[in-house]
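Here's a quick briefing to read alongside the model. Have the sequence and the 3D view open as you go.

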Amino acid sequence: MKKCVFFDRDGIINKSPGPGYVERWADFHLMPEIPGILKLVKNYGYEAVVVTNQRGVATGVMTLAALEEIHGNLQKQLDEDHHLALCDILYCVHGEGECECRKPKPGMLLEAAKRHNIDLKLSWMIGDNEKDVEAGRRAGCRTILVAAGKPVTKADYFVPDMKSLELLLRRVLEEGNAQSGKGKAGRGKE
Ligand SMILES: [Mg+2]
């Protein structure tokens, strides 16, 4: 089975749009640390999957086609500029209480695990909101919250920013591989 690092999208993969939504590609700004983090994840033998709530589709603020275009462009940019690929991008376009996939429910992680044969107990969920932590915990993953200050959180780890996330990931993925004795083959290769 595969191991995976699940990433929330807005605020982790790309700069947070604030209270609204990223409605078009021109407003999607990749976090500068993400290519390095994705390389790290890959080199330690983990898949990278994005799981994102996008209720703006349910409320009519944006179209499903616009959302899919953003995700297509994200994969293209990662490929062309960094030779990287996300294993999958799962999104929930439903409103509150309408589905089993909207975080803090774990539905998207469970679906990804089924699709890609992922062992959730060996996997991680990273987000900037306690809903991400909750979804990760309910799926059986270990969790990291990226939030400034002193957040009240059930996450296994929290870090104040993306630079610190990269350092933490390097440490915990290294430790995880040392314990399981697997996944070392790709290390150090670029
Ligand atoms: Mg977020």
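What follows covers the overall fold, the strand pairing and the core.

This is a predicted model, where local features need pLDDT of at least 70, side-chain atom pairs count only at pLDDT 80 or more, and totals for chains, interfaces and linings use all residues. Residues are numbered from 1 along each chain as its sequence is written.

**Overall fold**
- The protein has five helices and six strands (DSSP runs numbered from the N terminus: H or I of at least four residues for helices, E of at least two for strands).
- Along the sequence, the pattern goes β-α-β-α-β-α-β-α-β-β-α.
- The C-alpha trace spans about 50 × 35 × 35 Å along its principal axes.

**Around strand β4**
- Strand β1 (residues 3-7) runs parallel to β4, joined by three bridges; strands count as paired if DSSP finds at least two bridges between them.
- F7 has I126 in β4 as its bridge partner.
- β4 also pairs with strand β5 (residues 142-146), again parallel, over four bridges, and G127 is partnered with L145 in β5.
- Both faces of β4 (residues 124-127) are covered, with W124 and I126 buried on one side and M125 and G127 on the other (buried means 20 or more other C-beta atoms within 10 Å of a residue's own, with C-beta atoms placed from the backbone).

**The core**
- The largest nonpolar core (buried Ala, Val, Leu, Ile, Met, Phe, Trp, Tyr and Cys residues joined through C-beta atoms within 7 Å) has 48 residues.
- Strand β2 (residues 46-53) gives the most to this core, with five residues.
- Residues with the most contacts inside the core include F7, M125, I126 and I144.

Notes:
A residue is buried if 20 or more other C-beta atoms lie within 10 Å of its own, exposed if 12 or fewer, and partly exposed in between; C-beta atoms are placed from the backbone.
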